[in-house]
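Here are my notes on the model you sent over, point by point. I hope they are handy while you have the coordinates open.

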Amino acid sequence: TTTLSITPTPVPQTTWGDIQTVGQASYAPAPNLLAQDGDVLIAWIGEDDERVFQAIRRWHEGQLDSVAIPVLESRSPFEQRIFPADQDGLHLLWMDSDAQTEQIKLFSAYLDNTLTTIIAPDSIASQQVTHYTVIGDLDGALWVVWSGGLLAEPSLQVVRIDGLGRPMFPERLTLDGDYPVFAKTLDNQTYLFWISQVNQRVMRAEFTNGEIQNTRAISYLPDRDASDRLVEFSVMFDRTHQYLFWNITRDDGRAETFYSTIPLNSDDTATPQPLNMTDDSSGTTQPGFHLTFIPI
């Protein structure tokens with residue numbers, strides 16, 4: 001007689017408490033989180049044997065509510081993000097393949113406080129979209145900027161979505177731009193950053209009510225071969241400097257991160273440097289500079 005002994009896998013412990021399973025998904029990126037009125041909303045892309053769907057779950061008073069699946073037509077959604085809206089609602093934005101054109105488009109929906117879809121319009125972009133960025137406005141509205149059009153010559157478009165999820169008509173910001181990023185300073189000034197394909201620089205402009213002004217180049221780009229892929233471009237501020245980061249995947253699979261830092265009022269054009277971490281004799285890791293990240 002053989003006795004099978006099964007030892008259960010212990011639940012991992014952390015400094016912040018127990019780990020709880022929110023959901024399961026084949027989509028690699030981490031879920032999108034939104035802290036709102038003491039609750040935390042968690043959104044991710046899920047799938048079952050019949051469909052791909054967008055799921056949202058609420059963490060409320062130390063407990064996870066049931067998974068909500070808003071009624072949204074989805075084919076292969078990605079880059080999903082959630083934002084607070086008016087009347088305790090939510091904006092849900094994502095990119096997906098358009099059923100008619102097969103192009104990647106940008107979509108938005110308005111959900112009420114029960115996570116029920118109230119407004120789920122067609123694509124808010126009339127052209128193919130490559131990247132987008134979002135920042136909140138008054139009364140739960142959003143400003144959305146995306147790059148799109150011809151893949152070799154992307155331009156930047158802007159649209160305002162009001163607090164109840166109704167998009168206005170998009171307008172063109174610039175003929176040359178990709179990888180748009182919103183960032184806000186400590187004094188509440190909103191800037192829009194993007195990468196110019198023509199002059200191979202990072203551009204920065206003040207953004208106010210859907211318009212840009214005082215545009216200037218602030219940084220060169222990291223050296224890249226045609227087969228290398230820029231995975232992500234991001235920007236942060238502290239009290240005195242602006243910080244730019246590039247995550248790049250080389251053609252041999254190596255992942256590299258570059259950064260550049262420029263004083264807020266400098267007229268210089270920065271040169272990116274590789275971000276290297278080294279261990280000192282004390283066993284601590286020193287990145288070489290200190291950052292204060294400002295959530296927007």
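1. The chain has 24 strands and zero helices. Both come from DSSP runs numbered from the N terminus, with helices as H or I over at least four residues and strands as E over at least two. Please keep in mind that this is a predicted model, where local features need pLDDT of at least 70, side-chain atom pairs count only at pLDDT 80 or more, and totals for chains, interfaces and linings use all residues. Residues are numbered from 1 along each chain as its sequence is written, and side-chain values use heavy atoms, with hydrogens and water left out.

2. On confidence: pLDDT, the predictor's confidence in each residue on a scale from 0 to 100, averages 87 over the chain, and 90% of the residues score at least 70. Residues 291-296 are a stretch to treat with care, since pLDDT stays under 50 there. For that stretch the model has 13 contacts beyond four places in sequence, a contact being heavy atoms within 4.5 Å.

3. Some chain-wide numbers. Of the 296 residues, 42% count as buried; the classes are buried under 20% relative accessible area, exposed over 50% and partly exposed in between, with a 1.4 Å probe and protein chains only. The chain exposes about 17,200 Å², and carbon and sulfur atoms supply 48% of that area. Accessible areas come from the Shrake-Rupley method with a 1.4 Å probe, and for residues only the protein chains shown count as cover. Among the contacts with a separation of 6 or more, 35% are between residues 24 or more positions apart.

4. Two hairpins follow one another through β5. Strand β4 (residues 39-47) runs antiparallel to strand β5 (residues 52-60), and eight bridges join them; two strands pair if DSSP finds at least two bridges between them. Four residues sit between β4 and β5 in this hairpin, and Leu 41 has Arg 58 as its bridge partner in β5. On the other hairpin, β5 and strand β6 (residues 63-64) are antiparallel and joined by two bridges, with His 60 partnered by Gln 63 in β6. Two residues separate β5 from β6, and Glu 61 in that turn has a positive phi of about 50 degrees.

5. Further along, four strands make an open sheet in the order β19-β20-β21-β22, with antiparallel pairing. Its edges are β19 (229-237) and β22 (273-274), each of which pairs on one side only. Eight bridges join β19 to the antiparallel strand β20 (residues 241-249), and Leu 230 has Ile 248 as its bridge partner in β20.

6. Which residues are linked in a network of salt bridges? They are Asp 228, Arg 250, Asp 252, Arg 254 and Glu 256. A salt bridge here is a side-chain nitrogen of Lys or Arg within 4 Å of a carboxyl oxygen of Asp or Glu, and the count comes to 10. Asp 228 and Arg 250 meet at 2.8 Å, N to O. Asp 228 lies in the loop between β18 (211-220) and β19 and Arg 250 in the loop between β20 and β21 (255-263), so this salt bridge ties together parts 22 residues apart in sequence. Asp 228 is buried at 9% relative accessibility, and Arg 250 is buried at 11%. In the same network, Glu 256 and Arg 254 have their closest N and O atoms 2.4 Å apart; Glu 256 is partly exposed at 22%, as is Arg 254 at 42%.

7. Another salt bridge joins Asp 137 and Arg 160, with the closest N and O atoms 3.2 Å apart. This pair links distant parts of the chain, 23 residues apart: Asp 137 is in the loop between β11 (129-136) and β12 (142-150), and Arg 160 is in strand β13 (residues 153-161). Asp 137 is partly exposed at 27%, and Arg 160 is partly exposed at 26%.

8. Lastly, have a look at Ser 196 in strand β16 (residues 190-196). Is this residue buried or exposed? Ser 196 is buried, with a relative accessible area of 3%. Its side chain makes a polar contact of 2.8 Å with the side chain of Asn 199, and also reaches the backbone nitrogen of Val 198 at 3.4 Å. A polar contact is a pair of N or O atoms within 3.5 Å; within protein, one must be able to donate a hydrogen and the other to accept it, and residues adjacent in sequence count only if both atoms are side-chain atoms. Leaving aside neighbours within four places in sequence, Ser 196 is in contact with Asp 176, Arg 201 and Met 203.
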